[in-house]
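Thanks for coming. I have one structure to go through today, so please look at the sequence and the model while I talk.

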Amino acid sequence: MPDSPPSLDPVQLGTYFDLIEVTSLLRHAVEQQLREAGDLSYVQFQLLARLGDSPTGSHRMTDLADGVVYSRSGLTYQAGLLEKAGLVVRAPSPDDERSVTVTITDAGRALLAQVLPGHVDVVSGLLFEPLSRDDVATLGSLLAPVRDHMRSTPPRSAAPRRRKGAR
């Protein structure tokens, strides 16, 4: 008798589908709010928020890509759009000439401040409103080790790039 492929039990499968549906619904609502409030994509908001939270207002591009789980080329494109809009500036890293540092501008901070209240309203209303304070703490304690487990592999930026034409 051939081995059957691995599968998820009904509880695991149901939980997986619930998680995917919740994240999809939340992301859709957040993306809609960000577009309406500041003409930002979800990843652009993530970049501005991470830069805005940094004590220096700056991060290396590679660290940003790893932090927001986005490809290096995609992040370069998004940072270019933000730079063109005057929301960030890019410059060679003072520590490593091969690296590029992105810094949020005053205009970027102002736009972040403009979209943040609506963002908080969407997240609070959709994700946290139906939960008690204890439920939120439990959810956080359940998700943290999963996130840590997923992040335990080296970040994508540490993976060697495939050369064009190599198979």
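I will go through the sheet, the helices packed around it, the pocket, and then two loop residues.

One thing before the details: this is a predicted model.

Let's begin with the sheet. It is open and has three strands, in the order E1-E3-E2, and the pairing is antiparallel. The two edge strands are E1, residues 58-60, and E2, residues 88-92, and each of them pairs on one side only. For the newer people here, strands in a sheet are held in pairs by backbone hydrogen bonds, and the pairing can be parallel or antiparallel. On average, neighbouring strands in this sheet are turned by 25° against each other, if direction is ignored.

Now the two pairings. How many bridges join E2 and E3? There are five, and E3 covers residues 100-104. As an example from this pairing, Arg90 has Val102 in E3 as its bridge partner. On the other side, E1 and E3 are joined over three bridges, also in the antiparallel sense. There, Ser58 has Thr103 in E3 as its bridge partner.

Staying with E3, look at Ile104, which belongs to that strand. Is Ile104 buried or exposed? Its relative accessible area is 7%, so Ile104 is buried. Leaving aside residues up to four places away in sequence, Ile104 touches Leu48, Leu51, Gly52, Gly57, Leu87, Val88, Arg109 and Leu112. One of these contacts, Leu87, is 17 residues away along the chain, yet the C-alpha atoms of Ile104 and Leu87 are separated by 6.1 Å.

Compare that with another pair. Gln32 and Ala65 are 33 residues apart in sequence, and their C-alpha atoms are 23 Å apart in space. Gln32 sits in helix H1. Its relative accessible area is 42%, and therefore Gln32 counts as partly exposed.

Next, the helices by the sheet. Helix H2 lies across E1, E2 and E3, and H2 runs at about 85° to E3. In helix H4 I would point out Gln78. Gln78 has a relative accessibility of 10%, so this residue counts as buried. What does Gln78 touch, not counting residues up to four places away in sequence? The answer is Ser41, Val43, Gln44, Leu47 and Tyr70.

On to the pocket. The largest pocket holds about 2200 Å³ of space. Its lining is made of 44 residues, and those nearest the centre are Leu19, Thr23, Tyr42, Leu143 and Arg147. Five helices each give two or more residues to this lining: H1 (10-38), H2 (42-53), H3 (61-68), H5 (106-128) and H6 (133-151). Which element gives the largest share? That is H1, with 13 residues. By residue type, the lining of the largest pocket has 28 nonpolar, nine polar and seven charged residues.

Last, two loop residues with backbone angles to look at. As background, most residues other than glycine have a negative phi. Asp39 is not a glycine, and its phi is positive, near 50°. Where is Asp39? You will find it in the loop between H1 and H2. Asp39 has a relative accessible area of 59%, so Asp39 is exposed.

The second residue is Val69, with a positive phi of about 55°, and Val69 is not a glycine either. Val69 lies in the loop between H3 and helix H4, which spans residues 72-84. The relative accessibility of Val69 is 52%; the cut-off for exposed is over 50%, so Val69 counts as exposed.

To recap: the sheet is ordered E1-E3-E2, H2 lies across its strands, and H1 gives the largest share of the lining of the largest pocket. Asp39 and Val69 are the two residues with positive phi that I went through. That is all I have.

Note on methods. Residues numbered from 1 in each chain as written. Predicted model: local features only at pLDDT ≥ 70, side-chain atom pairs only at ≥ 80, totals over all residues. Heavy atoms only, no water. 1 Å grid on protein atoms, 1.4 Å probe; cavity = no way out; pocket = protein on both sides within 12 Å on 5 of 7 lines; lining within 4 Å. Points joined across faces, edges and corners; volume = space filled by probe spheres on them. Helix = DSSP H or I, 4+ residues; strand = E, 2+ residues; numbered from the N terminus. Nonpolar A, V, L, I, M, F, W, Y, C, P; charged D, E, K, R; others polar. Buried < 20%, exposed > 50% of the residue type's maximum accessible area, 1.4 Å probe, protein only. Pairing = 2+ DSSP bridges. Axes fitted to C-alpha atoms, helices over the stretch in contact; angles between N-to-C directions. Contact = heavy atoms within 4.5 Å.
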